[in-house]
Amino acid sequence: NLLEWDQDTYMPEGAIDFRSAQSGLVTSHTHKLRVGAKFKKLLSALIDIESGNILDPSLSFAQKAALTAWRRDYLKETKLPLSFVKNFAAIATKSSSAWSQAKKESNFKKFAPHLEKIVKLNQKKAAYLGFQESPYNALLEPYEPGSTVAKLTPLFDSLKGGVKELLVKTK
C-alpha cells in the first residue's frame, strides 16, 4: 500500500519500471509467506484446512470468522504460482501508472494495451483459481464471498432502468 501511495503522490517521473519491479518483489515475498509451510502449520493448529472445521471451540465469533477468511484466502493463494503473482503485480503497477497518464491526457488508446494485459492476466487468474459457470465468479469471490454472476445479474438488471433514467435527467 505504501508503494502504491508513493506512486500516486511523490514518485519521480520515469521511475515506473523500478516501482513495477518493487511491487512484483514485495508481492511475491508476501505470497510466499501466505502459502508457506510456517503459515500452513499455524493455520492448521486452529482450523482444519481440508474441512474448515474450527479446532478450538473457545474462540470468539470474530476469531472464528477471521480463521475462516484466512483459510479461504490460503486455499485460493496456493492455486496461484509465484511467478504469476509477481508478474501480475508488476504489470498492474505499470497499468495503474499508464491509466493515470492516459486519464490526464484523455487518451484511452494510451491505456488500451495495458487494459488488454490486465484482462488476459485476470482470465488466467480465473483459470488458476477454478470456477463454475463464469470466470468472473472466481474473481468476484475475494471481494464478495458467495456472490456469483447468476446472483448479481438480476440485481443489476433491476437497477438498470433507474440508472438510465438518472443519466437522462443529468444530461
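This briefing walks through the confidence, the pockets and four individual residues of the structure above. The model is predicted, and the chain has a mean pLDDT of 93, with 100% of its residues at 70 or more. Two pockets are described below: the largest has a volume of about 1100 Å³, and the second largest holds about 380 Å³ of space. Helix H5 gives the most to the lining of the largest pocket, and H5 also supplies the largest share of the lining of the second largest pocket.

**Confidence along the chain**

- Among the elements of the chain, H6 has the highest mean pLDDT, at 97, and H1 has the lowest, at 84.
- As a general reading tip, predicted coordinates should not be read in detail where pLDDT is low.

**The largest pocket**

- With a volume of about 1100 Å³, the largest pocket is lined by 35 residues, and those closest to its centre are Thr27, Phe88, Ala89, Lys125 and Tyr143.
- Six helices each supply at least two residues of this lining: H1 (2–9), H2 (16–35), H4 (61–77), H5 (82–105), H6 (108–129) and H7.
- Nine of the lining residues of the largest pocket come from H5.
- If you sort the lining of the largest pocket by residue type, you find 16 nonpolar, 10 polar and nine charged residues.

**The second largest pocket**

- About 380 Å³ of space lies in the second largest pocket, where Gln7, Glu13, Ser97, Gln101 and Lys104 are the closest to the centre among 14 lining residues.
- Helices H1 and H5 each bring at least two residues to the lining of the second largest pocket, and H5 accounts for five residues.
- The lining of the second largest pocket divides into four nonpolar, seven polar and three charged residues.

**Thr93, in helix H5**

- Thr93 lies in helix H5 and counts as buried because its relative accessibility is 9%, under the 20% cut-off.
- Beyond its neighbours within four places in sequence, Thr93 is in contact with Gln7, Ile16, Arg19, Ser20 and Ser23.
- One of these contacts, Gln7, is also among the residues closest to the centre of the second largest pocket.

**Asn122, in helix H6**

- Asn122 is found in helix H6, and its relative accessible area of 21% makes Asn122 partly exposed.
- Setting aside neighbours within four places in sequence, Asn122 is in contact with Phe88 and Leu139.
- Phe88, one of those contacts, is also among the residues closest to the centre of the largest pocket.
- Asn122 and Leu55 are 67 residues apart in sequence, and their C-alpha atoms are 35 Å apart in space.

**Asn137, in helix H7**

- Helix H7 covers residues 135–140 and includes Asn137.
- Asn137 has a relative accessibility of 9%, so Asn137 counts as buried.
- Not counting residues up to four places away in sequence, Asn137 touches Gln132, Thr148 and Val149.

**Ser58, in a loop**

- You will find Ser58 in the loop between helix H3 (37–44) and H4.
- Ser58 is exposed because its relative accessible area is 59%, over the 50% cut-off.
- The side chains of Ser58 and Asp56 make a polar contact at 2.5 Å.
- From Ser58 to Thr93 there are 35 residues in sequence and 42 Å in space, C-alpha to C-alpha.

Key: Residues are numbered from 1 along each chain as its sequence is written. This is a predicted model: local features need pLDDT of at least 70, side-chain atom pairs count only at pLDDT 80 or more; totals for chains, interfaces and linings use all residues. Side-chain values use heavy atoms; hydrogens and water are left out. Helices (H or I, at least four residues) and strands (E, at least two) are DSSP runs, numbered from the N terminus. Buried means under 20% relative accessible area, exposed over 50%, partly exposed in between (1.4 Å probe, protein chains only). Contact means heavy atoms within 4.5 Å. On a 1 Å grid over the protein atoms alone, a cavity is a set of points where a 1.4 Å probe fits but cannot get out, and a pocket is an open set with protein on both sides within 12 Å along at least five of seven lines; lining residues have an atom within 4 Å of a point. Grid points are joined across faces, edges and corners, and a volume is the space filled by probe spheres set on the points. Ala, Val, Leu, Ile, Met, Phe, Trp, Tyr, Cys and Pro count as nonpolar, Asp, Glu, Lys and Arg as charged, and the others, Gly among them, as polar. A polar contact is a pair of N or O atoms within 3.5 Å; within protein, one must be able to donate a hydrogen and the other to accept it, and residues adjacent in sequence count only if both atoms are side-chain atoms. pLDDT is the predictor's confidence in each residue, from 0 to 100.
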